[in-house]
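Biologist: Before I use any of these labels, I would like to hear what stands behind each one. Please take them one at a time.

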Amino acid sequence: MLARLRPLMATAARGKTAPGVAFSTAAAAAAAAAEREDHVHYSHTDACHHLRWTAKESYEYMYARPWSRVADFYAELVRTGAGAAGLAMLFGKDENDYTRDTNGGDYIVPSEKQTSSKSSKDRGGRWERANFKIVLSYHGGSFDGWQKQPGLNTVQGLVEKHLGKFVDEKKAKQLEARSLPIEGYAAVAGRTDKGVTALQQVCSFYTWRKNVKSGDIKDTINKAAPEKLRLLHVSEVSREFHPNFAAKWRRYLYIFPLDEDAKSISGEEQSTKILKGPEYNIKPQSFDVDKVDKIIRQLEGKSLSYKMFARDTQALRSVGPPTECFMFHSRAAVVKLHSADENCEEGMSAVCIELVANRFLRKMVRVLVATTIREAAAGAEEDALLNLMEATCRRATAPPAPPLGLCLVDVGYDDFNRQMCFIVD
């Protein structure tokens, strides 16, 4: 019987492809198909689907703006240490109502109470540490993001390197024994990506040394990268304070420049392309700012899952409560962006989108901005973003807007106060 079956087994073996070869062939075929099918994107089914930009068109429109003007504006705010007060003038607000520290004076947030509510002097162990709250600003274009990474110029790496001067003797010996550089550790309220500016980022540092003074920390870090990073304020707070877990809200501002000289979507060849849709319309080359405001306002006062607007998130955080955020405030308005050599009658028009939420997911603000502008340009309904929450593929949303337009304005540890927002009714 076995001898009779051997020819059949040999025939089957000859006809069977090795698993590795089959996988490689299938992968190559899939890659070739992907190259032939240009810029695959989510198939929308609403009435304006034929006017909606593809991923490539949205990306090109976002990046074909005069971003250097925005980067220079942010750089000036960091250099002067203006903080949120530097943005107040864009919206006709009184700078004195916002944080400012340009002359080395005390840094005061009018709405913020003292974060230290308990005294830890009578407690031993880890409660004997001195815990410092640090508020700093940095220019996103000058760093490779906040998080420390080998071989990269990051804000955390630079700050922790200079905090090493204030590390206690016990920790210094432990680091030396492990052949590690003597550095402090800075916990942060929220990491920012490469290119994203922060005007009032909050981090904390602790040490067992008793002779460390707030002024010494401020002077040391301000010498680390002049013009690019500036420490606004340092204060000793309770050991219970943590910049991330104690925060009640974060505020971001995205500045999108409007310039008539910017390139049209997908270049000159694509600007005159007539779509193969039932109405044969040409895709829009601009958008209505009022429409952007109406669409983005629909998020206000709601707790929603923003998994469709997140990028680079871990699989375990792609579903459920970890993706839910509560949006306190979401508005858009047009402003005039001035530089140091421009008078009041001149300046570049820009759209500012202000978002305040209890938390934000990775690249969430940038995807929200790009998607809102895309939907406004296509003439979508005001509930367009809410409808996208129910999508099943992240290709339904637009690629992230450029990081140079994004700024972490401040972090709040008191209840949210709408009157402190820049764009209000």
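Modeller: Helices are DSSP runs of at least four residues and strands runs of at least two, both numbered from the N terminus. On that numbering, H11 gives the largest share of the lining of the largest pocket, three residues. Keep in mind that this is a predicted model.

Biologist: What makes a residue part of the lining of the largest pocket?

Modeller: A lining residue has an atom within 4 Å of a pocket point. For the largest pocket, 40 residues line it, and Gly190, Arg191, Phe360, Leu361 and Arg362 lie nearest its centre. Strand E2 (187-188), strand E5 (249-257), helix H11 (364-378) and strand E9 (406-412) are the elements that give two or more residues. The volume of this pocket is about 1,200 Å³.

Biologist: How is the lining of the largest pocket divided into nonpolar, polar and charged?

Modeller: The split is 16 nonpolar, 12 polar and 12 charged. Gly counts as polar, and Arg as charged.

Biologist: Why is the pair of phenylalanine 73 and tyrosine 74 called tilted?

Modeller: Ring centres must lie within 6.5 Å to pair, and planes that are neither under 30 degrees apart nor over 60 count as tilted. Here the centres are 6.0 Å apart and the planes stand at 50°, so the pair is tilted. The structure holds 18 aromatic pairs, and both phenylalanine 73 and tyrosine 74 are buried. Elsewhere, ring pairs join Trp53, Tyr61, Trp67, Tyr254, Phe256 and Phe287 into a cluster.

Biologist: What makes the side chain of histidine 162 a polar contact partner of leucine 158?

Modeller: The cut-off for a pair of N or O atoms is 3.5 Å. The side chain of histidine 162 reaches the backbone oxygen of leucine 158 at 3.0 Å, so the pair falls within that limit. Histidine 162 belongs to helix H6 (residues 155-163). Beyond its neighbours within four places in sequence, histidine 162 touches Thr220, Ile221 and Ala224. Its C-alpha atom is 8.6 Å from that of isoleucine 217, 55 residues apart along the chain.

Biologist: Which residues of helix H10 are called buried, and what do they pack against?

Modeller: Buried means under 20% relative accessible area. In H10 (residues 289-297), Val289, Lys291, Val292, Asp293, Ile295 and Ile296 are buried. These residues pack against strand E7 (324-337), strand E8 (348-357), H11 and helix H12 (384-388).

Biologist: How do you know that there is a polar contact at the start of H10?

Modeller: A side-chain oxygen of aspartate 288 comes to within 3.1 Å of the backbone nitrogen of aspartate 290. With the limit at 3.5 Å, the pair therefore counts.

How values were computed: Residues numbered from 1 in each chain as written. Predicted model: local features only at pLDDT ≥ 70, side-chain atom pairs only at ≥ 80, totals over all residues. Heavy atoms only, no water. Contact = heavy atoms within 4.5 Å. Polar contact = N/O pair within 3.5 Å; in protein donor to acceptor, adjacent residues only side chain to side chain. 1 Å grid on protein atoms, 1.4 Å probe; cavity = no way out; pocket = protein on both sides within 12 Å on 5 of 7 lines; lining within 4 Å. Points joined across faces, edges and corners; volume = space filled by probe spheres on them. Buried < 20%, exposed > 50% of the residue type's maximum accessible area, 1.4 Å probe, protein only.
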